Amino acid sequence: MLRRRLNRLCGGDENRVDSRTIYVGHRPCPDTEAFIPSKFCDNRIVSSKYTVWNFLPKNLFEQFRRIANFYFLIIFLVQVIVDTPTSPVTSGLPLFFVITVTAIKQGYEDCLRHKADNEVNKYLVTVLEDDRSVKKESEKIKVGDVVEVVEDETFPCDLILLESSREDGTCFVTTASLDGESNHKTHYTVQDTEKDLQALTATIECEQPQPDLYKFVGRMHIYKAEQEPAVRSLGPENLLLKGATLKNTKKIYGVAVYTGMETKMALNYQGKSQKRSAVEKSINAFLLVYLCILISKAVVCTTLKYVWQSKEGQDEPWYNQKTQKEKDTNMYLKMFTDFLSFMVLFNFIIPVSMYVTVEMQKFLGSFFITWDKDFFDSEIEEGALVNTSDLNEELGQVEYVFTDKTGTLTQNNMEFIECCIDGFQYKHRDTQSEVDGFTMTDGVMNKLHQKAGQEKEELFLRALCLCHTVQVKEPGSKEALTDQVDGIDGILPQLEEERGFIASSPDEIALVKGAMKYGFTFLGLESKSMKIKNRENNIEEYKLLHVLNFDPVRRRMSVIVQTKSGETLLFCKGADSSIFPRVKPEEVDRIRMHVERNATEGYRTLCVAFKQLSAEEYAMADKGLSDARLALQDREEKLIAVYNQVETGMSLIGATAVEDRLQEEAAETMEALQGAGMKVWVLTGDKMETAKSTCYACRLFQRGTELLELTVRTLEDERLKRQEKLYELLQEYHRKAVQDAPPVKAGVTRSWSANQDYGFIIDGATLSLLMNPPLEADASQYKSLFLQICQNCTAVLCCRMAPLQKAQIVKMVKNSKGSPITLSIGDGANDVSMILEAHVGIGIKGKEGRQAVRNSDYAIPKLKHLKKLLLAHGHLYYVRIAHLVQYFFYKNLCFILPQFLYQFFCGCSQQPLYDAAYLTMYNICFTSMPILAYSLLEQHIDIEILLDNAALYREIANNAMLRWRPFLYWTVLGIFQGLLFFFGVRFLFSNPALQDNGQVFGNWSYGTIVFTVLVFTVTLKLALDTRHWTWINHFVIWGSLAFYVFFSFFWGGIIWPFLKQQRLYFVFANMLSSVSAWLVIIILILLSLLPEILLVVLRKPRGPHSRQKKPSQSNVGGNQSSQSSARPLLMRTFSDESNPVI
Amino acid sequence: MRKSSCRRGGTPEDIRMKNEEEASERPDNTAFTQQQLPAWQPVLSAGIIIPGFLIIGLAFLGIGIALFLTSQTIQVLEMDYTGVEKDSPCFRCTSPSNQTCTCEVTFSLSTLFTGPVFFYYGLSNYFQNFRKYGVSKDDYQLTGDTQYFKSPRDVCFPYAHDSKNNPIVPCGAIASSMFNDTFELYQIINGTKKKVPLDGKGISWWTDYNIKYRNPLPVNGSFASAFDGTVKPINWPKAAYELDLTDPNNNGFLNQDFLVWMRRAALPQFRKLYRRITEGDYATGLPAGNYSLTVYYNYPVLSFDGRKKVVFSNVSWMGGKNDFLGIAYLVVGSLCVVMSVVMLIVYAKFKFSDDDDA
């Protein structure tokens, strides 16, 4: 007590306390402790990062925390402090530009945030204060205030609903701005609160703020004079979230529980953790190499300088005496400043502009995904969504695809197919008649030869009609009802032609509609009573006592209802695995057969059970449930314990089969992904049989695929314990799939060359056994065996997975050897964990709400779009950015190498070879635009060909263009060209009289010739690499060359008044007046590009050739096509050309 | 070299096919947003490469031959007059005690040295491209701005002030180290010396002489008094305004020898134009015979192991003699030709094996 008070005095250390106590309306309570106005944060939302005062320092600090910026700052400072060859402007200007642009962008964004914050914070709300309403700015709301909200207003903070203008104590809310779900949700007032809020004396005890939007536990103590305080439980259905909007309700009153930055919306605001792409890691590795090159260059030059100076007469020739100050300087200090000077001279090798260009490429490039009309889905009127542009190129590197089944591979659009009552099959005839389909007339039930007793039939159908959380939507009624308790999953209203049903899961609607076909219609729920119209068109009424919610762990749900006659019944439906152990074993056998047959046909099956509760049983269950619901801590666990206790000893009455159709082009997409060398893993919570048949339907498993099963069933063995059997099976499969398989060359067509395809199946229980074996030591061995098997299988199916297990699997694969790039795709809340875990997370804008989309990196409307996203966009982005990175390093290497070589000819005196303007402009103007255009527009292979030939994706697998080999190639090319530029001009200058009037050229002419060759060579090198010349490429490539020439004339054509020296005056024009200079420029450009041209000729062609392949060949993607495309271009004949390929 | 295959003929309708009914959410259906811009996709194939290489190779061979032959016709006469060897005529001038020293270098021409003949002096192991040396000048002084005569820029140190702290004009290391050997050329005809006229005009860049460098305006009609309050560079025998008293247009900062020196050489071994021989009897060249070159030996180079030489050369359209370019063109040209032949052979071979397959 004292301690708590102390804590509060010391700044309200709330974290240690598990719950907070709120005094409604700040009214002290008669009970317990004295009224302590506890300190909570105010209701100000601060999403902005800066204020006017701290913007400059804070923003600069943030920017210079980036290693690259910091490096350039250091270089700049060195230039300012130390006497260096180039003026600070050369590196200061680009840095200043980058920093300013970033600062302006961030400042603008922050300005918008300030504006938005102010709009929210200054919004006037009505607060009840001592018997009157007061208008207050939203930011002044304190925890405990009673707030009034009218229709269409957003809630200013998280509120507990106390009073609603609606009769039944409900209100409707839309959370579109929170999670994108635009349907209306029902929220409830706390039961039994006083109608007169002024008289209400209550405290609320609730948990500390936490970000989960769908979880809330609390307890409300209501104090009445002369009475025991009443206790009411609070759940998410009582909590109105800040950011949500009140709908269809005139006004409500609520008490603020979480304010400001502690609201769930604000807690959710914190961004996701940054994912870094493999390319970025490569860039950093290359940067390190270049940093080493830079430092070693500087060291070499410094050393040489002092070696050279030690020779007699060289240090200080009479014509170049040192000042007194220089003579006095300490030798080591001089060496150090010389080292720094060299660093500055060569620092252009690591260009500032690369970061800018890469960022720009990513940012602009991602628009092509949003713009792509192939991703537009006319059903939902939406296209693709890019949440982060940092991962564009990662889409071209995916090795493992983890996909959810329901809603992703399948449409999540359920259709009732058949049911089985007491062991007899009932099949509703669809449009096509089958052998075992039976005729029926509307509304009349249709049976097999034998049929179950009338009583059982009706019981089963009543169960279907009662055991659900579906709500009826009256056609035309404005007040759209939504499901009563939305589970963990999100909901979207599902509209029906005749009668609208709204439910949290499409299965339930399918079942209710199924029952309708057999004559039992669910009419709706009205004040706790469910109405059913039976076959005789009589209305039956049931009082709904309890709903035992569905959750993915229990995999079942139940309702407890009371019939008119007073009987209490429990109906339960759920997955067979969760129902079978809870019913009488003898009933199971009759139904199991049907369930399994249905499952193999790819249907989702549910079993229905029922139980009659005696009065005592019900009383016990009722008490247990009420107690558990009031619990503040571990409420979930307690509830589940009660659920489990109630749902026992039931009798099985039947099973249902619901079909979930495959997504459009699911099979083609999966085939393409596999053809592209990706391993597809299906992670689903569904049962094995259903999932397996979906896999067959998607052609993930083929007829010839040998399935390796590692499930609870295969683990059952008479002789061995589970653990041992697991090990034995792992060993066996490992032998089969890994050791006996022919060795495959890395990177080449694995699935095609292997004779035998393997598919692997594992279930959740086995997986947890595998991940957490009793003996710690086995864990790593098991995992590696498992991973090796999986790596050699074409497809892996993991069924019965909990959401967390999905993430676990992704994590395991992600961290396995070679750290492959993983992609997760899913549509529901249960996929969020795996979407967040994988390198690339893809959300499908499906039926199960927007959670997956919100947490994804990219969102697409349909599964079929994945193919183009990966095979075309991913491939192109990867090639583009990889080329961009390599090219940047290359062009700066051959830019700086001549400068380095020149040091050997100028006594290592840090004399720059190029003029400062050229040094600065090289990366900013002369060579930046062509590569940017290339990296946005290049299509080295046409998009259609990429889509037709999935195998092309393999060519860039494993970061193929950014490995050390290509890097070495580019580096060698850069060195070769650098040497050529420098020494070519050096030999020309052995006689500097290059003009026909006998006049000589000086050092700036030398540098300008080298620079001209350089600019032309690197630009033409890019032109050689460009396979896709749009008008933009033409414009930019020829434009920047023209700009260079124009700029050089301009720069050398005027005496610039602000310059202290006019060293470039007419140098360029004079250079052009010399025939020799022209000739040397031409030959050096050609000679530097010669190896490139030869390589292009000898390299195997990609685009043009693969275009010739016949579609049939390319679809197989077999050895034939890869062989033919491997033919070098030279071997293609003249006759190839005579058949022009369009 | 490239074959164009213009595909996806983007008709205007293709490019702009925006449907007005479409929802605003729908992405624009333009060629650009759909990455469907009409594009030229160059194809490098044997049919282009082989003839291409052949043509380039032959062209280069042609240029190479022309360059090489031109370079061969250029006559060059180089003479080192540093005087390192004891028997060389200028040996006695190398001792530091000898303040004003003249030596005579003789040479003979067996054939006519075709004119116009250019007379260069060359220095080696001389680093005009030292960074500190290179910046050690004041461009404001050199554009005739007398304000800067009194306070030379910092970069000129230690060549900014003399020991009495008078400002030096022109300041800095470059100006201070100006080459000051002078030469006179005589043809010896029957034992008598006939002076060969040397033309000191047109040896520096036109822009340097006419635009970039400017003399200070004369003060009270006297050019010299514009330099009042300043001293000459320490190593100079005479002040800037005395560089050429015979020709006011060649005096001060516009002295062409000075301008030539101020244009820094790129490499430590360089030559600079000294004079042209274009006048009188020698306009067509130096006839065969004996010549004597009188050297007024002032410039010390031995302290840093440097060498001095004089070079007589004529020039062609490609400038001075330079075998490198011609050889480079010949090598690259023949390389291209050889490669095209090799490619032809490889191609023919594979073509036949292709035919066998078929």
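1. A good place to start in this predicted model is Ser529(A), which counts as buried because its relative accessibility is 12%, under the 20% cut-off. Ser529(A) belongs to strand S21 of chain A, residues 529–533. Its side chain makes a polar contact of 3.4 Å with that of Glu541(A). Leaving aside residues up to four places away in sequence, Ser529(A) also touches Gly524(A), Tyr542(A), Lys543(A) and Leu544(A).

2. Next, the salt bridges: there are 45 over all chains. In one of them, Glu262(A) and Arg20(A) meet through their side chains at 2.5 Å, N to O. This pair links distant parts of the chain, 242 residues apart: Arg20(A) sits in strand S1, and Glu262(A) in the loop between strand S13 and helix H6. Arg20(A) is buried, at 1% relative accessibility, while Glu262(A) is partly exposed at 22%.

3. Do look at the contact between chains as well. Glu326(A) and Lys132(B) form a salt bridge of 2.9 Å, N to O, and the pair crosses from helix H8 of chain A to helix H3 of chain B. Glu326(A) is partly exposed at 23%, and Lys132(B) is partly exposed at 37%.

4. Which residues are linked with Glu664(A) in a network of salt bridges? They are Asp377(A), Glu379(A), Lys862(A) and Lys864(A). Within this group, the side chains of Glu664(A) and Lys862(A) meet at 3.2 Å, N to O. Both residues lie in loops of chain A, so their salt bridge ties together parts 198 residues apart in sequence.

5. Finally, Leu333(A) lies in helix H9 and is partly exposed at 46% relative accessibility. Its C-alpha is 71 Å from that of Gly235(A), with 98 residues separating the two in sequence.

Definitions and conventions. Residues are numbered from 1 along each chain as its sequence is written. Chains are lettered from A and ligands numbered from 1 in the order in which they are written. This is a predicted model: local features need pLDDT of at least 70, side-chain atom pairs count only at pLDDT 80 or more; totals for chains, interfaces and linings use all residues. Side-chain values use heavy atoms; hydrogens and water are left out. Helices (H or I, at least four residues) and strands (E, at least two) are DSSP runs, numbered from the N terminus. Buried means under 20% relative accessible area, exposed over 50%, partly exposed in between (1.4 Å probe, protein chains only). A polar contact is a pair of N or O atoms within 3.5 Å; within protein, one must be able to donate a hydrogen and the other to accept it, and residues adjacent in sequence count only if both atoms are side-chain atoms. Contact means heavy atoms within 4.5 Å. A salt bridge is a side-chain nitrogen of Lys or Arg within 4 Å of a carboxyl oxygen of Asp or Glu.
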